[in-house]
Amino acid sequence: ESGEFRGWRKNRQDTGTDVNRNWDYWWGCCGGSSGDPGSETYRGSAPFSAPESTALAEFTDSRVVDGRQQITAHIDFHTFSELVLWPYGCTHDDPAEGMTQQEHDRFVRVGTEMAETNGCTPQQSSDLCITDGSVNDGMWAEHEILSFPAETYPSSGGIDGFSPPDEVIERETARNGAAVDVLLREAGA
């Protein structure tokens, strides 16, 4: 991949919105996104101003049946860094508001077990960088869904790390299968 859009991380709406900074939980709170439309971490003009984050939030909200969320786990895969992360990204506190010590310990236990299966490093999202308005923080805060971002292959690489060669897709997908199995087991699937 080369050219003007190499390393592009935003959607294609106007100047683009970083969809993983566009959720309403602690949106724009703490320096974990940008209000500048030219920034790669532009959070959008308002929470859920991006159609992608709105669609996923509406889908998730629609799975509440008789007051109980039916979705119990969520994982999203990113490149790069080889990390298994857990909420919260918006604060360094362990645990933070909206999460008990027991809930935090569960994230640590599950994330660590996931990382043991794929050779990644487990850590709280904010230990990588502060993020606000993230899908993972929102999934937990709004619905108590076990939500993990997985930063996959490669372990480093700057701009090149965001576009690994297609020859590694099958291998890296298989590498993360056992981690997904851990999360599914924990979620009761």
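Two residues are in contact when their heavy atoms lie within 4.5 Å. With that in hand, welcome to this predicted model.

**Figure 1. The whole fold, from the N terminus on.** The protein chain has 7 helices and 6 strands. Read from the N terminus, these elements follow the order α-β-β-β-β-α-β-α-α-β-α-α-α. The chain is as compact as a globular protein of its length, because its radius of gyration of 16 Å is close to the 16 Å that the globule rule gives for 189 residues. The C-alpha trace spans about 45 × 40 × 30 Å along its principal axes.

**Figure 2. Contacts and burial across the chain.** How far apart in sequence are the residues that contacts join? Among contacts between residues at least 6 apart in sequence, 76% join residues at least 24 apart. Of the 189 residues in the protein chain, 42% are buried.

**Figure 3. The surface and its charges.** About 9,600 Å² of the protein chain is exposed, and carbon and sulfur atoms supply 50% of that area. The chain carries 13 positive and 33 negative charges. The mean positions of these two sets are 3 Å apart.

**Figure 4. A close look at Ala46.** Our next stop is Ala46, in the segment before helix 1 (51-62). Is Ala46 buried, partly exposed or exposed? Ala46 counts as partly exposed because its relative accessibility is 30%, and partly exposed residues fall between the cut-offs of under 20% for buried and over 50% for exposed. Leaving aside residues up to four places away in sequence, Ala46 touches Asn22 and Trp27. Asp24 is 22 residues from Ala46 in sequence, and their C-alpha atoms are 8.2 Å apart in space.

**Figure 5. Helix 4 and what covers it.** Helix 4 takes in residues 135-143, and 7 of its 9 residues are buried, so this helix is largely enclosed by the rest of the structure. Which residues of helix 4 are buried? They are Val135, Asn136, Asp137, Gly138, Met139, Trp140 and His143. Several elements help to cover them, including helix 1 and helix 2 (101-118). Strands also take part in the cover, among them strand 1 (64-65), strand 2 (68-69), strand 3 (73-79) and strand 6 (146-152).

**Figure 6. Just past helix 4.** Here the view moves on to Glu144, the residue that follows helix 4. The phi angle of Glu144 is positive, near 55 degrees.

Note on methods: Residues numbered from 1 in each chain as written. Predicted model: local features only at pLDDT ≥ 70, side-chain atom pairs only at ≥ 80, totals over all residues. Heavy atoms only, no water. Helix = DSSP H or I, 4+ residues; strand = E, 2+ residues; numbered from the N terminus. Rg over C-alpha atoms; globule rule 2.2 N^0.38 Å. Buried < 20%, exposed > 50% of the residue type's maximum accessible area, 1.4 Å probe, protein only. Areas by Shrake-Rupley, 256 points an atom, 1.4 Å probe, with all protein chains shown as cover. Lys, Arg positive; Asp, Glu negative; His and termini not counted. Charge placed at Lys NZ, Arg CZ, Asp CG, Glu CD.
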